[in-house]
Amino acid sequence: FITLGIESSCDETSVAVIADGTVIRSNIISSQLEQHAKFGGVVPEIAARCHLEAVLPIYRLALAEAGITLEEVDLIAATYGPGLIGSLLVGLSFAKGLALAKKIPFIGVNHIEGHIYANILERPEVKPPLVCLTVSGGHTDLLYLEKWGSYRILGRTRDDAAGEAFDKVARVLGLGYPGGPQIDRIAREAADDLEFVQPKGFGGNYDFSFSGLKTAVINYLHRQKQLGEAVDSARVAASFQRQAVAQLTSRLFKAVDDLGVRTILLSGGVAANSKLRQVCLAEAERRGIRCLYPPLTLCTDNAAMIAAAGYFRFQSEGPSDLEITAQPDLCL
Ligand code: ATP
Ligand code: MG
Ligand code: FE
C-alpha cells in the first residue's frame, strides 16, 4: 500500500513516498532557509511563493527516487493545518488536484499528529499506551496516547513554544535563524552554570512556560552590556538550554511516573536537541523504561511523517472530503 505524503505548512516543501505506513521509499525535503535567513524568521509571502516554485519538481523527484508512477499510489496525504495559510494552501491544493485527476483517495493530515508519527517510520513495533512530548517551533504539548490517534492533552505551553524560545534566545545572541541547532552546537563544550529563572509550575498540572526564561536571558545580556562586561555566548546558550530542558523533562517524567507508562516518545524539531535526548535517555534508563525519538532528519518538518499519519488515520476513518480547506489554527 503506497502513500504519497505532501508537507508545506511552514518553510519546508516536502514530498515522500512510503509503503505500508512505515517504510520510507523517498522523502525529499527542500528547505527555504536561505530565503528567510536575512529576515531572521519566516516571511509568509516568501514562503508561499517558494512552495509554489518547489512543489512540482520535489514531487517528481520523490516519485523518481521511489521508482514509481502516480498510478501506483493508493492514498495521497497532505498537511491541512496548523501552519501558515498561504503555505498550507500550496501543498493541499496540489494534493487535491492529483487526487481528483487520478481518482486516488485523499486524506488531510494534522501537522502535529505527523510529528508524532515520525516515531513509527521504520519502527512499526512502537505501540501505546505512551506519553509523547511534542516540542516544535510553534507547539509544546505533553500528550497521553492510550491508543494511536487519540490524544489526551496533559499540558501545553502557556506562552512561547519551546522551539520559539530557542530561536529567540539564539537571535539575541546573534546566532542566526533557526536558532535551535546553533544553541545546541555552541552549548556542547560550554559551562552551563548561569541561573536564569524557572516557572514554579501551575498548581500540579503539566503546563509549560518559556517566556520568563527567555526574558531572563535578555535581561542578563542587557545588564552585562550596561556593566561593560563581556558575554560568553556559549555559556549563556548552555545555561539556557539546561534550564529549558529541565523544565521539559520535569513535566514529562512527572507525567510518566503519575501515569505509570513504560514508553516515551519525543517529537518535533526540538526533539533533535542533544541535551534533551541525553537527559530523557538517562531518566528513562533509571526507570527501566523506553524513550524513543526520530532520527535527526525526521524530527523537523518532512512529508514521510505526514504520509505515516495519513496512512493510519485512513485505515481507521477512511478518506477526507475533498472540500476540506487549510486550517492555520488546527488543534490536535
Ligand atoms: P510546528 O511544527 O509547531 O508547526 P515548525 O514546523 O516550524 O512548527 P519544526 O520544524 O517541528 O517546527 O521544528 C523547528 C524548530 O525546532 C525550530 O524552532 C528550531 O529552532 C528547533 N530545533 C531544531 N533543531 C534543534 C536543536 N538541535 N535544538 C533545539 N531546537 C531545535
Ligand atoms: Mg522549518
Ligand atoms: Fe513542524
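This report describes the overall fold, the annotated sites, the ligand shell and some backbone details of a predicted protein model.

## Overall architecture

The protein contains eleven helices and ten strands. Its radius of gyration is 20 Å, close to the 20 Å that the globule rule gives for 332 residues, so the protein is as compact as a globular protein of that length. Taken along the principal axes, the C-alpha atoms fill a box of roughly 65 × 45 × 30 Å.

Of the 332 residues, 49% are buried. Among contacts with a separation of 6 or more, 74% are between residues 24 or more positions apart.

## Helix H8

Helix H8 covers residues 233-259 and has 27 residues. The distance from its first C-alpha to its last is 39 Å, close to the 39 Å expected at 1.5 Å a residue. Gly 260 follows H8 and has a positive phi, near 65 degrees.

## The site of His 111, His 115 and Asp 301

An unreviewed UniProt entry carries the annotation "binding site" for His 111, His 115 and Asp 301. These residues are spread over 191 residues of sequence, yet they cluster in space, with a largest C-alpha distance of 8.7 Å.

His 115 is located in helix H4. This residue counts as buried because it has 30 C-beta neighbours inside 10 Å, the cut-off being 20 or more. Apart from residues up to four places away in sequence, His 115 touches Thr 134, Ser 136, Ser 267, Gly 268 and Met 305. Asp 301, in turn, lies in the loop between helix H10 (296-299) and helix H11 (303-317). Asp 301 also counts as buried, with 27 C-beta neighbours inside 10 Å. When residues up to four places away in sequence are not counted, Asp 301 touches Glu 7, Ser 9, Cys 10, Glu 12 and Ser 14.

## A further annotated site

The annotation "binding site" in the unreviewed UniProt entry also covers Thr 134, Val 135, Ser 136, Gly 137, Gly 138, Asp 167, Gly 180, Asp 184 and Asn 273. Thr 134 and Ser 136, which belong to this list, are among the residues touched by His 115.

Gly 137 occupies the loop between strand S6 (130-135) and strand S7 (140-145). With 21 other C-beta atoms within 10 Å, Gly 137 is buried. Leaving aside neighbours within four places in sequence, the contacts of Gly 137 are Ala 161, Gly 163, Glu 164 and Gly 269. Asn 273 is placed in the loop between strand S9 (263-267) and helix H9 (274-287). Asn 273 is buried as well, with 27 other C-beta atoms within 10 Å. Beyond its neighbours within four places in sequence, Asn 273 is in contact with Gly 180 and Asp 184, two residues that are covered by the annotation.

## The shell around ligand 1

Ligand 1 is surrounded by 25 residues, of which the closest are Gly 137, Gly 138, Gly 163, Gly 180 and Gly 269. Helix H4 (111-117), helix H5 (162-172) and helix H6 (179-187) are the elements that give two or more residues to this shell. H6 gives the most, with four residues. By class, the shell has seven nonpolar, 15 polar and three charged residues.

Gly 137, Gly 138 and Gly 180 appear among the closest residues to ligand 1 and are also covered by the UniProt annotation. Gly 163 and Gly 269 are likewise among the closest residues, and both are in contact with Gly 137.

## Backbone details

Two cis peptide bonds may be noted. One runs from Gly 81 to Pro 82, with omega near -10 degrees; Pro 82 lies in the loop between strand S4 (75-81) and helix H3 (85-102). Another runs from Pro 128 to Pro 129, with omega near 5 degrees, and Pro 129 is in the loop between H4 and S6.

Positive phi values are found at two residues that are not glycine. Lys 103 has a phi of about 50 degrees and sits in the loop between H3 and strand S5 (106-110). Lys 103 counts as exposed, with 7 C-beta neighbours inside 10 Å. Glu 122 has a positive phi of about 60 degrees and is found in the loop between H4 and S6. Glu 122 is partly exposed, with 14 other C-beta atoms within 10 Å.

Technical notes. Residues are numbered from 1 along each chain as its sequence is written. Chains are lettered from A and ligands numbered from 1 in the order in which they are written. This is a predicted model: local features need pLDDT of at least 70, side-chain atom pairs count only at pLDDT 80 or more; totals for chains, interfaces and linings use all residues. UniProt positions are given in the numbering used here, feature names are shortened, and annotations may be inferred rather than shown by experiment. A residue is buried if 20 or more other C-beta atoms lie within 10 Å of its own, exposed if 12 or fewer, and partly exposed in between; C-beta atoms are placed from the backbone. Two residues are in contact if their C-beta atoms, placed from the backbone, lie within 7 Å. A residue is near a molecule or strand if its C-beta atom, placed from the backbone, lies within 6 Å of it. Ala, Val, Leu, Ile, Met, Phe, Trp, Tyr, Cys and Pro count as nonpolar, Asp, Glu, Lys and Arg as charged, and the others, Gly among them, as polar. The expected span of a helix is 1.5 Å times one less than its number of residues. The radius of gyration is taken over C-alpha atoms; the globule rule is 2.2 Å times the number of residues to the power 0.38.
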